[in-house]
Amino acid sequence: MIKKGGTNPMSNTTLAALIEKCKELDIPKDIVDRNIKRATEKGQEAYIEKVYEVYGYGGASIVVEVLTDKITRSVASVRDVVRECGGKMADPGSVTFKFRRARVVNIKAKDADKDQLLSIALDAGAEDVIEPPSYEDDTDEDLSERYFKIVTSNENYPTVISKLRDEGVTFEPDNGSELLPLTPVEVDDEALELNKDLISRLLELDDVDAVYTDQV
């Protein structure tokens with residue numbers, strides 16, 4: 001889009017429409033500007049989306065989504081972290097069937113309560129409200145970074161956003177769709193901590209866009 005039409009929204013109508021859409025979805029301007037800059041840098045047109053599948057501890061599964069200009073680098077860095085943390089790379093399709101892709105609105109747990117969100121979701125025709133996980137060793141900082149997730153269809157997404165605004169509920173900038181586990185897997189405390197460390201290490205990698213797991 002940018003490669004063909006340029007970075008000026010006055011002459012690139014497709015880009016202009018996308019910027020307006022980002023404004024509607026409350027996506028911060030710095031994120032939009034950063035992605036436009038990234039798209040115009042030399043070689044960025046070669047970026048490829050890739051998915052890696054991982055077996056974690058305690059029967060948990062992990063899906064790693066990356067955006068990379070060099071697959072050999074991304075797979076090597078993911079493999080290194082998985083090996084160092086004691087996980088195991090899975091064959092394509094071995095893990096992803098345990099997840100479904102859905103449109104999700106994320107709301108920080110401190111900004112709303114479940115009853116309020118259930119009411120909004122019901123009125124908007126959303127599918128579900130997923131509560132944030134909680135663990136025995138949670139700190140206040142941990143809890144402040146947990147999210148409720150309103151699961152909805154693309155068609156009902158604008159209605160959900162509108163009702164959240166009407167109720168004064170703050171929600172996170174739009175991230176598109178997410179992978180949600182079909183059947184969450186309960187793991188013991190040791191496996192939980194090991195998987196959390198593995199996921200944290202994966203998220204530190206430059207090429208990694210998102211990491212999903214089915215553990216609870």
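I take helices and strands as DSSP runs, helices of at least four residues and strands of at least two, numbered from the N terminus. With that convention I located Asp207 in the loop between α8 and β8 (208–213). The model I am reading is a predicted one.

**Entry 1: the whole protein**

I began with the overall inventory, which gives 8 helices and 8 strands. The protein has 216 residues, and 37% of them are buried. I then looked up how the contacts are spread along the sequence. Of the contacts with a separation of 6 or more, 71% are between residues 24 or more positions apart. The accessible surface is about 12,700 Å², and carbon and sulfur atoms account for 49% of that area.

**Entry 2: the loop residue Asp207**

I returned to Asp207 and asked whether it is buried or exposed. Its relative accessible area is 10%, and buried means under 20%, so Asp207 counts as buried. I next listed its contacts, leaving aside neighbours within four places in sequence. Asp207 touches Glu65, Val66, Leu67 and Thr68, and also Arg73 and Ser74. Strand β2 covers residues 61–68, and helix α4 covers residues 71–84; I therefore turned to α4 next.

**Entry 3: helix α4**

I checked the length of α4 and found 14 residues. From its first C-alpha to its last it reaches 20 Å, close to the 20 Å expected at 1.5 Å a residue. Which residues of α4 are buried? I noted Ser74, Val75, Val78, Val81 and Val82. Seen down the helix axis, these buried residues fall within an arc of 130°, so they line one face of α4. On the face turned away from that buried side I found the exposed residues Thr72, Arg83 and Glu84.

I also looked up what covers the buried residues of α4. The cover includes three strands, β1 (48–55), β2 (61–68) and β3 (88–90), together with helix α8 (189–203). Just after α4, I recorded that Gly86 takes a positive phi of about 85°.

**Entry 4: the four-stranded sheet**

I then traced an open sheet of 4 strands in the order β5-β6-β4-β7, with antiparallel pairing. Its edge strands are β5 (128–130) and β7 (177–181), each of which pairs on one side only. From one strand to the next the twist averages 45°.

I went through the pairings in turn. Strands β5 and β6 run antiparallel and are joined by 3 bridges; here Ile130 stands opposite Lys149 in β6. Between β4 and β6, also antiparallel, I noted 6 bridges, and Lys108 stands opposite Tyr147 in β6. Strand β4 (residues 99–108) is joined to β7 by 5 bridges, again antiparallel. Ala102 has Glu178 in β7 as its bridge partner.

**Entry 5: helices on the sheet**

Which strands does helix α5 lie across? I found that α5 (residues 114–124) lies across β4, β5 and β6 (147–152), and that it runs at about 15° to β6. Helix α7 (residues 157–166) also packs on the sheet, where it touches β4 and β6. The direction of α7 makes about 15° with that of β4.

Notes:
Residues are numbered from 1 along each chain as its sequence is written. This is a predicted model: local features need pLDDT of at least 70, side-chain atom pairs count only at pLDDT 80 or more; totals for chains, interfaces and linings use all residues. Side-chain values use heavy atoms; hydrogens and water are left out. Two strands pair if DSSP finds at least two bridges between them. Axes are lines fitted to C-alpha atoms, for helices over the stretch in contact, and angles run from 0 to 180 degrees between N-to-C directions. Contact means heavy atoms within 4.5 Å. The expected span of a helix is 1.5 Å times one less than its number of residues. Buried means under 20% relative accessible area, exposed over 50%, partly exposed in between (1.4 Å probe, protein chains only). The arc is that of the directions from the helix axis to the C-beta atoms. Accessible areas come from the Shrake-Rupley method with a 1.4 Å probe; for residues, only the protein chains shown count as cover.
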